[in-house]
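Student: I have a structure open on my screen and I'd like to learn how to read it. Can we go through it together?

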Amino acid sequence: MHRSPRVQAGTDLIRPCRSRRPSPSRSPSARPADGYYAVNAIKASGGACEDASDEEIVEGIRLLAETEGIFAETAGGVTVACAKKLIANGKIPANESVVLCITGPGSKTAEAVAPHLPAPRLINPSLREFEALVANDTAVHAAA
């Protein structure tokens with residue numbers, strides 16, 4: 001059983017989470033290794049933080065994939081989900097440009113989000129099959 005520290009937004013509480021099943025919020029890459037120091041840095045700088053549910057993390061990963069073509073690991077989904085919350089509650093001004101650092105590929109934590117996503121479509125490694133798949137998707141989206 002691994003222990004993954006979690007910080008509850010709005011509190012000084014940093015507590016371990018115990019789980020044997022992979023999930024977006026319990027993935028090893030989503031563990032804040034220096035949670036205590038991160039909370040202190042946020043306070044000292046006048047910053048803010050948020051937390052994210054598994055559903056919000058998956059939605060953050062999906063948003064990056066659909067809008068930017070980036071398949072991020074779970075930590076990237078956390079970053080997007082928390083940024084959305086911070087914008088929604090006015091901690092980040094909605095009319096300002098923001099840079100989010102997304103450094104890990106989704107392949108590192110695919111098992112944590114797989115149950116939340118549709119099954120991938122498999123094709124043979126050929127340009128003809130790829131083009132047919134894209135053409136079909138384009139036709140389906142155009143009809144919708």
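Tutor: Let's start with the overall layout, then look at one helix and the cysteines. Keep in mind that this is a predicted model.

Student: Fine. How many helices and strands are there in the protein?

Tutor: Five helices and two strands. Reading from the N terminus, the order is β-β-α-α-α-α-α. Of the 144 residues, 22% are buried.

Student: How do I check a helix, say H3, against its expected span?

Tutor: Count 1.5 Å a residue. H3 covers residues 74-88, so its 15 residues should span 21 Å, and the end C-alpha atoms are indeed 21 Å apart. Just after H3 comes Gly-90, with a positive phi near 80°.

Student: Which residues of H3 are buried?

Tutor: First, the general idea: an α-helix has 3.6 residues a turn, so residues three or four places apart point the same way. In H3, the buried set is Thr-74, Gly-76, Gly-77, Val-80, Ala-81, Cys-82, Ala-83 and Leu-86.

Student: What covers the buried residues of H3?

Tutor: The cover includes helix H2 (54-68) and helix H4 (110-113).

Student: Cys-82 caught my eye. Why is there no bond from its sulfur to the one in Cys-49?

Tutor: For a disulfide, you want two cysteine sulfurs within 2.5 Å. Cys-49 holds the closest cysteine sulfur to that of Cys-82, but at 7.9 Å it's too far for a bond. By that rule, the protein has zero disulfides.

Student: And are Cys-82 and Cys-101 buried or exposed?

Tutor: Cys-82 is buried, at 9% relative accessible area, whereas Cys-101 is exposed, at 61%.

Key. Residues numbered from 1 in each chain as written. Predicted model: local features only at pLDDT ≥ 70, side-chain atom pairs only at ≥ 80, totals over all residues. Heavy atoms only, no water. Helix = DSSP H or I, 4+ residues; strand = E, 2+ residues; numbered from the N terminus. Expected span 1.5 Å × (residues − 1). Buried < 20%, exposed > 50% of the residue type's maximum accessible area, 1.4 Å probe, protein only. Contact = heavy atoms within 4.5 Å.
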